[in-house]
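Subject: Structure handover

Hello,

Here is the structure I promised to pass on. Please open it alongside this note. My findings follow below.

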Amino acid sequence: MGTGRVLCRGANRGVNEYWRSFASRHLSPAQGVARSRPLQASVPGSRLGVRGTFVVSCGSQCRWFSSPGSAGAGDRDSPIDLALYPPNLIRNFSIIAHVDHGKSTLADRLLELTGTIRKGHGQPQYLDKLQVERERGITVKAQTATMFYDYSLDSRKYLLNLIDTPGHVDFSYEVSRSLAACQGVLLLVDASQGVQAQTVANFFLAYEAELSIIPVINKIDQPTADPERVKEQLKSIFDINPDDVLLTSAKTGLGLAEVLPTVIERIPCPKGSPEQPLRMLLLDSYYDEYKGVVCHVAVVDGTLKKGVKIASAATGQSYEVNDVGILHPELTSTSQLFTGQVGYVVAGMRSTKEARIGDTLHLARTQVEPLPGFKPAKHMVFAGVYPADGSDFDALNHAIERLTCNDPSVSVSKESSGALGMGFRCGFLGLLHMDVFHQRLEQEYGAQVISTTPTVPYVFEYSDGSKVNVQNPAALSSSPGKRIVKCWEPTVMATIITPSEYVGSLMTLCSERRGEQIEHTFIDGQRVLLKYKLPLREVVIDFYNELKSITSGYASFDYEESEMEASDLVKLDLLLNGEPVDALASILHRSNAERVGRELCEKLKKILDRQLFEIAIQAAIGSKVVARESLSALRKNVLAKCYGGDVSRKRKLLEKQKEGKRRMKRVGSVDIPQEAFHSLLRNS
């Protein structure tokens, strides 16, 4: 691609030494590598894993040169002038889809198509940067990238802001936040799997936000692809014209040339006014060790410049803008952002608690009307998080503080347990969110934790008229003096899309989980859409695994929050020799209490070590015991030393042993090891 010139001046001694070492390896000995003697030679880019022919110049100051375009992503050293892109040349769009329909791969191809990243350079799913995202093959955090695209029809260059969103139901809050910065979306559908449950949920999120929707059928290169059938599904469910659907394969690049021109033609430009005072919507924030809090913002009105003072409409605090720029796809400083553009701001915030998601940022000492913002994150699942070793509490506290800086959707409060010691009660958006949080604690901070059985928030009303919100079952009083007269539990509206042959089994599963059928619709001759109202607790335990098992993995599942409903709930306590174990308490429906109690007693009997006295393992509702198992005592053979003799001597020894065990049981206590808790809670 010609000879290029990339400048890397010798401000850094390590950089200079690196290029001297490079020159000594790749240049001929006749050319020399003396510090006092300038040296210049052409080097094929293939030796560095890049395209083109490059010039290395080594002397007292080592330099590396390359021309615009030689690296495939434009001249990185020339400053980007965002003033060249008024709102009519800006398009902000997001990619939404069901999990594993190819969002991140499509984002990679679009970044390569616009020269934002080099083709084949870096890792696949470039925007998925967390280790947990790469291991699980899912997107957890929405990621933004700015692209520049030359549109051939009007010979103008456009600024395109792409947001790659998660596809799992637990992270729909991330999707709703991303849509607030967009004017349109690419609705991606797998050509083999067709419309799935999260496809339906994401479509209506975009529809309710009044965004332009461009349907894209992906993976048309697969042998099982059936684009015409998927077009019919889009027509029957969403009333989308089949002629408006784009056919692509993000893997092979087939049909991608039509995507960005369609984005420019069908998605409107931002509606803000450059003449109005500055207003920015705070979309997301994370903590960087070197920069502090980095805020992702969408400029709705006005212009943001480096060095100005901005203020938060929520807190009223003022900050000086230290850095401002775009994500291209890494942080690229531009010194200013203009109306309609999406970028980042570093303003000296010390904590992400100061950066409230959905807040309006504006120039200090000016009055503006705050933007609508977002609804606060709704925590659906709560669990206790404790250190595996009680002495590691401070280390776990530090790890959780650091992690919640990058994941503010987790709620954290301190609590203590008689069995597990000091710990935290954490609220999550769902079970997968909880698993990802625990995995990040272990991978990024080396924390070893024990998590209690996940629960959901309940409301209880006592006979004196008082109401209490319960997130931790141990906090609910079992005292007979306080009689519960009414209780409510959260419900969800579940959407299931499944092949028609599994409908009967799924209806049985939903009925067993106390579900109420709302809708039963045939999408086409082979697929059925079911809607059920289900108690949230029945969903968070193992509903998803059961559903996948029954349907051989072909069904998809999504749910959204519904209202609280009255229910017959009880608190199930687990007792060891009459003493309750608070970490194993649970709240569940009365019809399931006896079965769950019996299962817990049987599991605990297998896990606990035997003692020198008998251990009674009981499950109780209030003062009524509904299940019991006994762990027999270890017994020393006190008759081993008797080789005959009178039977009264043997009886005396046995009675003495019996009395000792009775006294030991009265004063002894059962210590449950952490490994037993870990095993029991993991199994349940």
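Strand 9 (residues 212–218) pairs with strand 10 in the parallel sense, over 2 bridges. Within that pairing, valine 216 stands opposite leucine 246 of strand 10. Keep in mind that this is a predicted model.

Now the sheet these strands belong to. It is open and has 6 strands, in the order 6-7-5-8-9-10. The pairing in it is mixed. Strand 6 (143–151) and strand 10 (246–247) are the edge strands, and each pairs on one side only.

Two helices lie across strands of this sheet. Helix 2 (residues 103–113) lies across strand 5 (90–97), strand 6, strand 7 (156–164) and strand 8 (184–190). Helix 2 runs at about 150° to strand 5. Helix 6 (residues 227–238) lies across strand 8, strand 9 and strand 10. The angle of helix 6 to strand 9 is about 155°.

Next, a helix pair. The axes of helix 10 (residues 503–512) and helix 11 (residues 536–550) come within 10 Å. They cross at roughly 160°. Angles over 145 degrees count as roughly antiparallel, and helix 10 and helix 11 are therefore roughly antiparallel to each other. The crossing of helix 10 past helix 11 is right-handed.

Which residues make the contact? Helix 10 supplies Ser505, Leu506, Leu509 and Cys510. Helix 11 supplies Phe543, Glu546, Leu547 and Ile550. By type, the contact of helix 10 with helix 11 has 6 nonpolar residues, 1 polar and 1 charged.

Best wishes

Conventions. Residues numbered from 1 in each chain as written. Predicted model: local features only at pLDDT ≥ 70, side-chain atom pairs only at ≥ 80, totals over all residues. Heavy atoms only, no water. Axes fitted to C-alpha atoms, helices over the stretch in contact; angles between N-to-C directions. Helix = DSSP H or I, 4+ residues; strand = E, 2+ residues; numbered from the N terminus. Parallel < 35°, antiparallel > 145°, perpendicular 65-115°, else oblique. Left-handed = near helix turned anticlockwise from the far one by under 90°. Contact = heavy atoms within 4.5 Å. Nonpolar A, V, L, I, M, F, W, Y, C, P; charged D, E, K, R; others polar. Pairing = 2+ DSSP bridges.
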